[in-house]
Amino acid sequence: MNTIRAVLLSMATVGALLIGMPAASADTPDRKTAQEAPVAAYNAEPREVGTAGVVDGRFWIYEDAYEQGRGCGYGGDWNNYQYSGLDCGNMDNIATSVYNRGYVHQYDDVVMWRDPGFVGPWMCLGHGDYWQDFTLGREVFHTGESADNKISSHAWVTTCG
């Protein structure tokens with residue numbers, strides 16, 4: 001009797017957990033879980049701005065076009081640029097150029113979201129790619145909205161496709 005009760009209790013617990021899990025949305029790209037995400041703080045200290053072409057394992061965002069102005073390189077996923085914790089200061093909603101200088105590996109493309117917490121309109125930058133001037137209006141989220149000064153979080157993903 002105790003065994004049956006324990007099995008039923010375990011099944012009820014698993015069912016409750018599954019019901020509470022958010023479903024994947026067709027509007028959000030597939031990304032790895034937080035447990036798989038590399039820890040940004042240990043290897044994402046700010047680097048010198050203007051080091052174009054250098055592969056350093058980071059996703060860089062810059063305040064101004066053509067990698068100018070204040071910049072910050074993130075070695076892992078980052079869910080809220082307002083709280084960088086990397087001596088970069090508040091980088092929320094200031095990006096005008098970005099550069100994916102990540103290493104070649106399973107997660108080497110970067111999805112950027114308009115909102116903190118990996119939600120809202122998104123766009124994806126392939127490995128080694130860069131977008132130099134958001135003010136030109138070519139870089140837009142999947143909804144067609146301009147991305148200039150509107151990026152708040154990012155995650156490394158397996159593919160942009």
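What follows is a friendly set of questions and answers about the predicted model shown above.

Me: What should I know about the model and its numbering before we begin?
Reply: Happy to set that out: residues are numbered from 1 along each chain as its sequence is written, and side-chain values use heavy atoms, with hydrogens and water left out. This is a predicted model, where local features need pLDDT of at least 70, side-chain atom pairs count only at pLDDT 80 or more, and totals for chains, interfaces and linings use all residues.

Me: How many disulfides are there, and what is the pairing in sequence order?
Reply: A disulfide here is a pair of cysteine sulfur atoms within 2.5 Å. By this rule there are two disulfides. With the bonded cysteines of the chain numbered in sequence order, the pairing is 1-2, 3-4.

Me: Is the disulfide of C72 and C88 right-handed or left-handed?
Reply: The sulfur atoms of C72 and C88 are 2.0 Å apart. C72 sits in strand β2 and C88 in the loop between β2 and β3 (97–101), 16 residues apart; strands (E, at least two residues) are DSSP runs, numbered from the N terminus. Both C72 and C88 are buried, a word for under 20% relative accessible area, with exposed meaning over 50% and partly exposed in between (1.4 Å probe, protein chains only). The torsion about the S-S bond is about 65°, so the disulfide is right-handed.

Me: Which cysteine of the C124 and C160 disulfide is partly exposed?
Reply: C124 and C160 are joined with an S to S distance of 1.9 Å, and the link is left-handed, with -75° about the S-S bond. C124 lies in strand β5 (residues 119–125) and C160 in the segment after β7 (153–157), so the pair ties together parts that are 36 residues apart in sequence. C124 is buried, with a relative accessible area of 16%. At 29%, the partly exposed cysteine is C160.

Me: With which side chain does the side chain of E67 make a polar contact?
Reply: E67 is found in the loop between β1 (58–64) and β2 (68–74). Its relative accessibility is 6%, so E67 counts as buried. A polar contact is a pair of N or O atoms within 3.5 Å; within protein, one must be able to donate a hydrogen and the other to accept it, and residues adjacent in sequence count only if both atoms are side-chain atoms. At 3.4 Å, the partner of E67 is the side chain of Y62.

Me: How far from E139 is the nearest side chain of opposite charge?
Reply: E139 lies in the loop between β6 (130–131) and β7. Lys and Arg count as positive and Asp and Glu as negative, while His and the chain ends are not counted. A salt bridge needs a side-chain nitrogen of Lys or Arg within 4 Å of a carboxyl oxygen of Asp or Glu. E139 is buried yet has no salt bridge, and the nearest side chain of opposite charge, R138, is at 4.4 Å.

Me: Which elements give two or more residues to the largest nonpolar core?
Reply: A nonpolar core is a set of buried Ala, Val, Leu, Ile, Met, Phe, Trp, Tyr and Cys residues joined through side-chain atoms within 4.5 Å. The largest has 21 residues, and those touching the most other members include F59, I61 and Y81. The elements giving two or more residues are β1, β2, β4 (109–115) and β5.

Definitions and conventions
Helices (H or I, at least four residues) and strands (E, at least two) are DSSP runs, numbered from the N terminus.
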